[in-house]
Amino acid sequence: MKMENIQREELERLVGIEKVNIFYDIVDTITLLYDMEQTWNNGGKNWTYEYKFRKSGKTLCAFYFKKSTLGLMIIFGKDERAKFEKIRNELLPVVIDTYDNAQTFYDGKWVMFNITDYLLIDDIKKLLFIKRKPNRK
């Protein structure tokens, strides 16, 4: 189910102002680096909302919102997992732990990051570069 843009105030009530500010800062960063379709969707049975970045049928990442929680999902395919291993020692321990504890399915390793502060932003950029090289100058 596609949805219209969700109002910022609704997101603030759901996850809090600080997490909404972090969300919009990350979205601004992604938008500067990537030309992608951005869509709001229903969050399914476990989340209230989903905000997804896609191009040509491939998802770069998706944000998920529910009460007091902001998640960021990145799915790493086989080649992307090899690239992750090459930069592993450059990443924060919390990022490595989240990755290591994520479940691997037939189509990739589904990693859900719990976004609570600005600490993860630089690592998130590194992980997105693994998924896809920026296509904006």
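Colleague: How much space lies in the largest pocket?
Modeller: About 180 Å³. A pocket here is an open set of points on a 1 Å grid over the protein atoms alone, where a 1.4 Å probe fits, with protein on both sides within 12 Å along at least five of seven lines. The volume is the space filled by probe spheres set on the points, which are joined across faces, edges and corners.

Colleague: Which residues lie nearest its centre?
Modeller: Thr59, Tyr64, Met73, Ile75 and Trp110, out of 13 that line the pocket. Lining means an atom within 4 Å of a point.

Colleague: Which strand gives the most to that lining?
Modeller: E4, with 5 residues. Strands are DSSP runs (E, at least two residues), numbered from the N terminus.

Colleague: What can I trust here?
Modeller: This is a predicted model: local features need pLDDT of at least 70, side-chain atom pairs count only at pLDDT 80 or more, and totals for chains, interfaces and linings use all residues. Residues are numbered from 1 along each chain as its sequence is written, and side-chain values use heavy atoms, with hydrogens and water left out.

Colleague: Switching to E3. Why is E3 largely enclosed?
Modeller: Because 5 of its 7 residues (49-55) are buried, meaning under 20% relative accessible area with a 1.4 Å probe, protein chains only.

Colleague: How do E3 and E4 pair?
Modeller: Antiparallel, over 7 bridges; pairing takes at least two DSSP bridges. Phenylalanine 53 has cysteine 61 in E4 as its bridge partner.

Colleague: And what sits in the turn of that hairpin?
Modeller: Serine 56, with a positive phi of about 50 degrees. There are 2 residues between the strands.

Technical notes
Buried < 20%, exposed > 50% of the residue type's maximum accessible area, 1.4 Å probe, protein only. Helix = DSSP H or I, 4+ residues; strand = E, 2+ residues; numbered from the N terminus.
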